[in-house]
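Trainee: Could we go through this one together, one question at a time? I would like to see how each answer is reasoned out.

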Amino acid sequence: MDNDIDMESAVTQLNRSTVPDAWAESVRLVAVKRDRAAFQVLYKHFSPLIRAFLLKSMGSGANRSEAEEITQEVLIKVWNKAATFNPAKASVNTWIFTIARNTRIDFIRRNDRNNREIDIEDIWHDAESPEPLVDMQQRRAEQVIKQAMATLPEEQVQVLYKAFMEGKSHNEVAEELSLPLGTVKSRIRLALNKMQILIDR
Amino acid sequence: MVSFHPDSKFLTDFAAGSLPLSEAVCVAAHLEFCGKCRAHVQQLSDVAAQMMVRLDPVVDDNDGFESLMQRIESSDPAPAGQVSNIAAKAAVSATGIPRVVEKLAGGSLQNLNWVKLGKSLRIAPMDIGCKSRQTAIYDIKAGRPMPEHEHRGEEITVLLKGSFSDADGKYVKGDFVVRYAGERHQPTATLDTDCICLVSLEQPVKASSWWYRLMEPFVQYRLSGFSR
Ligand SMILES: [Zn+2]
């Protein structure tokens with residue numbers, strides 16, 4: 001296989017199918033110029049979404065003021081880590097989700113009064129992929145995911161929502177919906193397949 | 001070539017952040033060896049992000065931007081342009097052991113408390129503060145048969161170094177192998193080379209042979225609470 005040609009066609013396809021990421025420029029300005037106005041744009045758009053996600057996913061143990069505190073923590077990380085954002089690899093949406101997710105995991109651990117100090121980012125770290133072609137396929141896949149999500153049947157949306165937005169494991173979703181674990185797993189797999197996320201098992 | 005991967009349940013729960021720590025460490029170790037699963041986790045995070053941006057926004061009545069900026073400016077160590085871009089990290093460190101494992105071991109596997117069990121096996125429990133499971137590193141000398149044992153709970157093994165084979169195939173570095181409760185390991189398994197594994201165990205393994213004698217100190221050790 002000729003890599004150059006392959007790369008070229010991937011670039012063409014990428015340009016055809018990828019909507020520019022409107023937020024990437026704001027993140028860049030925050031990284032390079034510590035630009036307050038750009039950060040405020042991100043703040044305005046994302047903080048109500050981060051807050052909504054945390055209120056759903058932090059569990060019944062979390063109150064509004066804790067969700068607020070974690071929302072602030074997420075935004076501080078967005079400011080501090082802006083230079084590590086790689087627009088070739090992920091959208092700003094996904095990047096901010098992963099920061100919110102990790103901050104939430106950390107909060108839950110702290111609440112458990114774990115005596116072992118662990119940096120959650122050591123485990124849920126941003127896996128670097130040094131392969132640009134893979135990055136491009138990734139970004140293309142994101143468009144497919146976006147479009148396919150709108151067409152999913154309700155029962156699949158429900159399990160995805162519980163898994164990703166409420167932060168419930170397969171087992172917890174099965175228990176809550178009184179479904180066999182296998183049913184939860186197959187609903188999620190069906191949904192993922194429609195979004196072209198083809199996991200072997 | 002890695003050929004045993006975590007299934008969609010592991011990868012989804014990992015990307016959603018709901019996978020218990022012991023299992024998450026196993027998935028993270030596998031990801032350092034496997035670009036395919038890394039791509040899947042990234043896609044699953046895209047799914048989550050798309051769901052997040054479709055939530056009904058919860059707007060705070062008083063805009064906290066100014067107070068947030070004050071908080072940032074009072075602690076911001078990095079002036080403009082000086083935040084260095086993190087270069088692409090090599091997936092695995094110089095020792096060949098995944099970074100996640102070395103970090104949790106305090107920099108090196110040598111820092112762990114190793115318990116020698118006979119001539120060919122040593123085990124180091126890893127305290128990662130996960131209540132539902134035991135996590136440990138197994139270091140097994142080459143040429144020995146894998147101990148035959150039966151599982152009362154789920155066991156995840158991630159091969160960090162070396163290889164072994166059994167009737168199901170050959171397992172190499174990076175492979176993520178899950179054994180379920182009641183399953184019996186193939187007694188014919190042999191170690192092809194020295195072997196280091198990361199193991200996450202739901203419940204103590206019920207030994208069906210000399211393995212029990214080997215495991216006993218580990219079980220004792222575990223009961224004593226993994227004190228370091
Ligand atoms: Zn894999």
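What follows is a conversation about this predicted model.

Trainee: Happy to start with the metal. Which protein atoms are the donors of the zinc ion?

Mentor: A donor has to be an N, O or S atom within 2.8 Å of the metal. The protein donors lie 2.0 to 2.3 Å from the zinc ion. Along the chain they follow the spacing H-x24-H-x3-C-x2-C. In order, they are B:His5 (ND1), B:His30 (NE2), B:Cys34 (SG) and B:Cys37 (SG).

Trainee: What arrangement do the four donor atoms make around the zinc ion?

Mentor: Four donors count as tetrahedral if all angles lie between 85 and 135 degrees. Here the angles subtended by the four donor atoms are 102 to 113 degrees, so the arrangement is tetrahedral.

Trainee: How many residues apart are B:His5 and B:Cys34?

Mentor: Among the zinc donors, this pair links distant parts of the chain. B:His5 sits in the segment before α1 of chain B, while B:Cys34 sits in the loop between α2 and α3. B:His5 and B:Cys34 are buried. Their separation along the chain is 29 residues.

Trainee: Is B:His30 buried or exposed?

Mentor: B:His30 belongs to helix α2 (residues 21-31) of chain B. Beyond its close sequence neighbours, B:His30 is in contact with residues including B:Val2, B:Phe4, B:Val158 and B:Phe176. Its relative accessibility is 0%, and the cut-off for that class is under 20%, so B:His30 counts as buried.

Trainee: Let's turn to the strands. Which residue stands opposite B:Lys161 in β10(B)?

Mentor: Strand β5 (residues 155-161) of chain B has six of its seven residues buried, so it is largely enclosed by the rest of the structure. β5(B) pairs in the antiparallel sense with strand β8 (residues 176-179) over four bridges, where B:Thr157 has B:Val177 as its bridge partner. β5(B) also runs antiparallel to strand β10 (residues 195-201), with six bridges joining the two. In β10(B), the residue opposite B:Lys161 is B:Ile196.

Trainee: B:Glu23 is in α2(B) as well. With which residue does the side chain of B:Glu23 meet in a salt bridge?

Mentor: At 8% relative accessibility, B:Glu23 counts as buried. Apart from sequence neighbours, B:Glu23 is in contact with B:Phe10, B:Arg133, B:Glu154, B:Ile156 and B:Ser200. One of these meets it in a salt bridge at 3.2 Å, N to O, and that residue is B:Arg133.

Trainee: How many residues apart in sequence are the parts that this pair ties together?

Mentor: The salt bridge joins the side chains of B:Glu23 and B:Arg133. B:Glu23 lies in helix α2 of chain B and B:Arg133 in the loop between β2 and β3, so the pair ties together parts whose separation in sequence is 110 residues.

Trainee: Now chain A. How many helices does its secondary structure come to?

Mentor: From the N terminus on, the elements of chain A run α-α-α-α-α-α-α-α-α-α. Its strand count is zero, and its helix count is 10.

Trainee: Which residues are linked with A:Lys162 in a network of salt bridges?

Mentor: A:Lys162 and A:Glu166 meet in a salt bridge at 3.3 Å, N to O, and both are buried. The network that links with A:Lys162 is made up by A:Glu166, A:Lys168 and A:Glu176.

Trainee: Which residue of chain B is in contact with A:Met195?

Mentor: A:Met195 lies in the segment after α10 of chain A and, at 1% relative accessibility, counts as buried. Its contacts in chain A include A:Val144, A:Ile145 and A:Leu160. From chain B, the contact is B:Val47.

Trainee: How much area do chain B and chain A bury between them?

Mentor: The size of an interface is often given as the accessible area lost when the parts come together. Here 69 residues of chain B are in contact with 80 residues of chain A. Carbon and sulfur atoms hold 62% of the buried area, which is about 6,900 Å².

Trainee: How many salt bridges are there between chain B and chain A?

Mentor: One pair is B:Arg71 and A:Glu69, with the closest N and O atoms 3.1 Å apart. That pair crosses from helix α4 of chain B to helix α4 of chain A. B:Arg71 is partly exposed at 34% relative accessible area, and A:Glu69 is partly exposed at 35%. Between chain B and chain A, the count of salt bridges is seven.

Conventions. Residues numbered from 1 in each chain as written. Chains lettered and ligands numbered in written order. Predicted model: local features only at pLDDT ≥ 70, side-chain atom pairs only at ≥ 80, totals over all residues. Heavy atoms only, no water. Buried < 20%, exposed > 50% of the residue type's maximum accessible area, 1.4 Å probe, protein only. Pairing = 2+ DSSP bridges. Contact = heavy atoms within 4.5 Å. Donors = N, O, S within 2.8 Å, 3.2 Å for Na, K, Ca; no water. Tetrahedral: all angles 85-135°; square planar, octahedral: opposite > 155°, others 65-115°. Buried area = accessible area lost by both parts, 1.4 Å probe. Salt bridge = Lys/Arg side-chain N within 4 Å of Asp/Glu carboxyl O. Lists of a residue's contacts leave out its neighbours within four places in sequence.
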